[in-house]
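Please examine the model below with attention to its aromatic residues and to the strands around them. The account that follows moves from a group of rings to the strand that carries one of them.

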Amino acid sequence: MPLARSLSVTSLSGLEEWDEEFDLEDAVLFEIAWEVANKVGGIYTVIQTKARLTAEEWGENYFLVGPYVESNVRTQVELIEPTNPVLKRTIDKMNASGCKYVAQSEEPPHVVAHFHEWLAGLGLVLCRHRQLPVATIFTTHATLLGRYLCAGNVDFYNNLAEFNVDKEAGDRQIYHRYCLERAAAHCAHVFTTVSQITAIEAEHLLKRKPDVVTPNGLNVKKFSAVHEFQNLHAQSKNRIQEFVRGHFYGHLDFNLDKCLFLFIAGRYEFSNKGADLFLEALARLNYLLRVNHSDVTVIAFFIMPARTNNFNVETLKGQAVRKQLWDTAQTVKERFGKKLYESLLVGQLPDVSKMLDKEDFTIMKRAIFATQRQCQPPICTHNMLEDSSDPILNCVRRIGLFNSSADRVKIIFHPEFLSSTSPLLPMDYEEFVRGCHLGVFPSYYEPWGYTPAECTVMGIPSISTNLSGFGCFMEEHIADPTAYGIYILDRRFRGVDESCNQLTSFLFQFCKQSRRQRIIQRNRTERLSDLLDWRYLGRYYISARHMALAKAFPDTYLYEPHDPTSTTGFRYPRPASVPPSPALSRHSSPRHSEAEDNDEDERYDEDLEAEKDRVNIRQPYSMPFKNKLSTANGANGSSDGDASEKN
């Protein structure tokens, strides 16, 4: 099924600039979601990272509404008294009467209510049923039925038009929730979703085509490290290497300097997140590396939370052995250094044969004996409660990757989210991602995909698919995604085996890159950060809100979007250092030179290439609006135009 283009899927700078100025001084925005200050999944990230930009637009007329969870309120919410008297009366009556009353204003403002997901959809349906003067927006980040169907291993995308949606929802005992989601989509003035692939899904399953596609962004400044991100990569990689030294003690027969760290992370949805395809590709990659006598070792991390009861004893022992070896080496070094110092003090060159005595050798021998291991390094770092039925472990048993010495691909399954307080791998997720070489996310069902987006803004190449919102977005805006370290796997128009072969090819080509080529690729990947900044992607939410105001209050607001005949924005060109040769389309970037060690053979100027890329992005466009915030800025002597230039 071809991907049809709609208004919202033009390039970023292709959105029309409205002549009509929207006066937001008498408008109020409520954003309602179950994940407001309540982290469950990706919607929490959407709302949290977008809040600053939305507050700049709406000022004190922006409100977030979510569930009251005491533990989250204590850590994430600052309790303040509302300054708006109408809002204060409303909250007081809600507290006193259990939300039975709503205060009315003598001059009611124009209210925009933005509801996220079916969990908040009931409020939207009741607003329309009671004919309240509210402009409503409903955003589905992933359809409920779509998630259930994909989890059931059906040929989802090729049969979208064939599903009996009522029967499928009933068979899965989610008919009541499905009806609520569908009702919210149809009742809303404006219906949006996060990607074009999800828009097609929503059109078939919810029976309404989205008015606007609102891609998910990130607060890029949070991750920005300017020119330091290469150094941060090296520092975090060293910390991962320390963990690997402990995990593989007794079997550390590979060169860590020629070791690549790959990872997959997210909810434990074995098929939806593509963990099944990744494991099969790793088995094929292991074969290719062995038959080609490669000296590269690949360590693949699976960061997916599952039910466990504690850390694996063997894993903890490995870290203890590593620390003991380090302490032993430090002790011997101090003794050696003291003897060397004393020898130099008396003006004699040291006799190396006498620098280490029997006691030193005894200490070192004991340390070496402590590293003896009779078993293979563990696959899983924790004790699984359902070891025999765990999908990842069962797949590992089938493909036979048990971290043996002969294998060039090693697997570490960490069934818990990363934390800097962990006694095993004390790293935050952001630090861990920076230390890896490649993120692999071959998802079958991924409405957007924050994990590859986070990799991109931290300068880490990633593999995504054309069934994920992120992958489709990047394909649309980058002429040659692989040259920028964004590998797009075809899972829409290829069978499983073909997709697995393509993924194996991506991985094998990545393993063949030199260290310098990987550095160049990380530089290119990091330059795509602006593409994912809310300063750009926030304009789609602005468009949706203005459309809702115009539909709900046509006498006050006017919105006339133009239907673009073609993409009028930009596409990132092929990098200057990659010659436009047809042969290069088969390689995953940048082309391996004949004389790899001769740096002059590769035409690459980082500053020049970065400048060429930057000219393809316009400065973030600020919507013309008037609110209390902009009025205050004007009183201080700065105009909206000045503010937009500073951005």
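**An aromatic cluster and strand β9**

In this predicted model, one aromatic cluster is formed by F243, F261, F263, F301, Y429, F432 and F441. The structure as a whole holds 20 aromatic pairs. One of them joins F301 and F432, whose rings meet edge-to-face, with 5.2 Å from centre to centre and 85° between the planes. Because F301 belongs to strand β9 (residues 297–303) and F432 to helix α16 (residues 429–435), this pair ties together parts that are 131 residues apart in sequence. F301 is buried, its relative accessible area being 1%. F432 is also counted as buried, at 0% relative accessibility.

The surroundings of F301 can be followed along its strand. Of the 7 residues of β9, 7 are buried. Both faces of the strand are covered: T297, I299, F301 and I303 are buried on one side, and V298, A300 and F302 on the other.

Two neighbouring strands pair with β9. Strand β8 (residues 259–265) does so in the parallel sense over 7 bridges, and F261 has I299 of β9 as its bridge partner. Together with helix α11 (residues 275–291), β8 and β9 make up a right-handed β-α-β unit. Strand β12 (residues 409–414) is likewise parallel to β9, paired with it over 6 bridges; here A300 has I411 of β12 as its bridge partner.

A further ring contact involves a lysine: K50 lies over the face of Y541, 4.7 Å from the ring centre.

Technical notes: Residues are numbered from 1 along each chain as its sequence is written. This is a predicted model: local features need pLDDT of at least 70, side-chain atom pairs count only at pLDDT 80 or more; totals for chains, interfaces and linings use all residues. Side-chain values use heavy atoms; hydrogens and water are left out. Rings of Phe, Tyr and Trp (its six-membered ring) pair if their centres lie within 6.5 Å; planes under 30 degrees apart count as stacked, over 60 as edge-to-face and the rest as tilted. Helices (H or I, at least four residues) and strands (E, at least two) are DSSP runs, numbered from the N terminus. Buried means under 20% relative accessible area, exposed over 50%, partly exposed in between (1.4 Å probe, protein chains only). A charge sits over a ring if NZ of Lys or CZ of Arg is within 6 Å of the ring centre and within 35 degrees of the ring normal. Two strands pair if DSSP finds at least two bridges between them. A crossover is right-handed if, with the strands pointing away from the viewer, the path from the first strand over the helix to the second runs clockwise.
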